[in-house]
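Thanks for asking for a second pair of eyes on this one. Here are some notes to read with the structure open beside you.

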Amino acid sequence: MSDTDLPDDDGAEALETLILPLDAWHRARGGRMVEFAGYWMPVQYEGILAEHLWTRQHAGLFDVSHMGQLLLSGEGLDAAVEAVLPIDLSTLKLGHQRYSLLLDEQGGVLDDLMVSRWPNDLYLVVNGATKWDDIAHLREHLPDEITLNHLEERALLALQGPEAFAALDRHVTGDYPLSSLTFMRFGHFELGGVPAAISRSGYTGEDGFEISIPAEHAAHVAALLCGEPEVKPIGLGARDSLRLEAGLPLYGHDLSPETSPIEAGLVFGINKRRRSEGGFPGAERICREIAEGTPRKWIGLALDGRQAAREGAPVFAENKQVGVVTSGGFSPSLERPIAAAYVTGEHTALEIDVRGKRLPARVVPMPFVPHRYHR
């Protein structure tokens with residue numbers, strides 16, 4: 001919970017926790033609200049385990065309106081964006097979306113984000129906890145000819161799970177059917193009469209959609225979708241356990257300015273042409289690491305028993321610490337603890353120190369649970 005009503009160490013009042021468009025909607029449905037990324041958000045409704053499994057089996061609706069939605073436009077847009085992101089925009093077609101990274105001059109990760117090609121603009125979705133820094137960074141490094149609009153008047157919902165398509169398709173109309181979208185494609189539709197930009201993407205490893213709509217219609221759209229038998233509202237707790245099972249990194253935990261995308265296994269975020277040409281922040285280090293490898297890697301670990309290893313737990317090979325856990329918890333789908341850690345060297349078995357007790361852990365490939373994207 002937030003301590004925003006308490007003064008900080010300097011005696012000044014802390015920043016007020018902000019309210020998202022669906023705040024009252026969450027509370028009316030029993031959402032347990034916590035402070036996250038500066039906003040009040042639901043961590044759970046009926047329970048993290050039940051919500052996690054419901055999403056894997058049916059469809060869950062997540063409110064991700066805290067994330068930053070940005071629209072870039074202007075003369076020379078592609079070249080300007082390629083100077084700050086390691087993305088190849090010459091291959092990003094209209095209606096396509098791509099994962100990319102905001103890097104510092106040393107190749108450290110400032111944020112990971114999505115980039116979509118709109119008719120005359122580029123649409124970016126950035127993490128909620130970093131969006132103000134991202135906006136400042138982009139405005140500093142993009143030329144004056146590029147306009148950056150922060151779409152604060154829009155909400156963002158994520159409908160995830162194997163039955164997400166069936167539930168959403170009943171309410172979507174447009175110039176082409178929703179079924180025309182495959183993974184990492186997007187289009188403009190009407191959803192329950194509301195204009196909506198919809199992409200087939202998400203953060204759970206399941207098939208699903210991310211839906212950008214005017215904030216004033218968020219409650220209407222959320223109620224419409226949760227009125228379908230396949231759909232329940234899902235909180236932050238299950239979102240985190242789902243993304244960990246899917247082997248997806250979380251900024252501020254698995255990614256930071258102290259990590260490079262190559263050691264995090266995100267080489268796919270550095271597009272092929274950019275690897276050879278460079279010309280983006282941190283290119284020298286990134287290209288060297290692609291060619292030579294990195295001393296440490298982000299790996300998956302499976303633990304026996306029921307005790308989970310959490311972020312910050314040291315990882316040992318015999319009596320030598322070789323790494324640290326960055327994400328960990330109990331996997332509802334696998335019914336066992338799992339973790340992700342940065343580790344130096346090659347290993348098949350390790351130990352994790354949890355409150356002074358060494359727990360054996362096997363190195364396993366990620367994702368822990370196979371992705372089910374609609375390709």
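**Notes for a first look**

1. Let's start inside. The second largest cavity draws the largest share of its lining from β4, which gives three residues. This is a predicted model, so please read every point below in that light. The cavity has a volume of about 30 Å³. Along with β4, α1 (23-28) supplies at least two residues of the lining.

2. Which residues line the second largest cavity? They are W25, H26, Y45, L61, F62, D63, L157, P233 and I234. Sorted by class, seven of these are nonpolar, one is polar and one is charged.

3. The structure holds two cavities of 30 Å³ or more, and the largest has a volume of about 50 Å³. Its lining is made up of M41, P42, F62, D63, V64, I234, G235, L236 and R239. Three elements give two or more residues each to this lining: β3 (39-44), β4 (59-63) and α7 (236-245). By class, the lining has six nonpolar, one polar and two charged residues. When you compare the lists, look for F62, D63 and I234, which appear in the lining of the largest cavity and also in that of the second largest.

4. Now follow α7, one of the elements from the previous point. How many of the ten residues of α7 are buried? Nine are, so the helix is largely enclosed by the rest of the structure. The buried residues are L236, G237, A238, R239, S241, L242, R243, L244 and E245. Two of these, L236 and R239, are also in the lining of the largest cavity.

5. What covers the buried residues of α7? The cover includes β2 (32-36), β3, α2 (48-57), β4, β18 and β19. The helix lies across β18 (320-331) and β19 (336-344), and it runs at about 125° to β18. After α7 comes G247, which has a positive phi, near 70°.

6. β18 and β19 lead us to a barrel. Six strands close into it in the order β16-β19-β18-β17-β20-β21, with antiparallel pairing. From one strand to the next, the twist averages 40°. For a pair to inspect, try β17 (residues 314-317) and β20 (residues 349-354), which are antiparallel and share two bridges. There, V315 has I352 in β20 as its bridge partner.

7. Next comes an open sheet. Its five strands have the order β6-β7-β8-β5-β9, and the pairing is antiparallel. β6 (97-103) and β9 (147-150) stand at the edges with a single partner strand each, so one side of each is left without a neighbour in the sheet. The twist in this sheet averages 30° from one strand to the next.

8. Helix α4 (residues 131-141) packs on this open sheet. It touches β5 (68-73), β6, β7, β8 and β9, and its direction makes about 165° with that of β9. Within the sheet, strand β7 (residues 109-117) runs antiparallel to strand β8 (residues 122-126), and five bridges join them. R117 stands opposite L122 in β8.

9. β5 deserves a closer look. Six of its six residues are buried, so β5 is largely enclosed by the rest of the structure. In a regular strand, side chains alternate between the two faces of the sheet. Here G68, L70 and L72 point one way from β5, while Q69, L71 and S73 point the other way, and all are buried.

10. The two partners of β5 are easy to trace. With β8, β5 pairs in the antiparallel sense over five bridges, and G68 has V126 as its bridge partner in β8. With β9, the pairing is antiparallel too, over four bridges, and L70 stands opposite H150 in β9.

11. Finally, a pocket to look up. The second largest pocket has a volume of about 160 Å³. Which of its 13 lining residues lie nearest its centre? They are Y39, S65, K131, E152 and R154. By class, the lining of this pocket has seven nonpolar, three polar and three charged residues.

How values were computed: Residues numbered from 1 in each chain as written. Predicted model: local features only at pLDDT ≥ 70, side-chain atom pairs only at ≥ 80, totals over all residues. Heavy atoms only, no water. 1 Å grid on protein atoms, 1.4 Å probe; cavity = no way out; pocket = protein on both sides within 12 Å on 5 of 7 lines; lining within 4 Å. Points joined across faces, edges and corners; volume = space filled by probe spheres on them. Nonpolar A, V, L, I, M, F, W, Y, C, P; charged D, E, K, R; others polar. Pairing = 2+ DSSP bridges. Axes fitted to C-alpha atoms, helices over the stretch in contact; angles between N-to-C directions. Contact = heavy atoms within 4.5 Å. Buried < 20%, exposed > 50% of the residue type's maximum accessible area, 1.4 Å probe, protein only.
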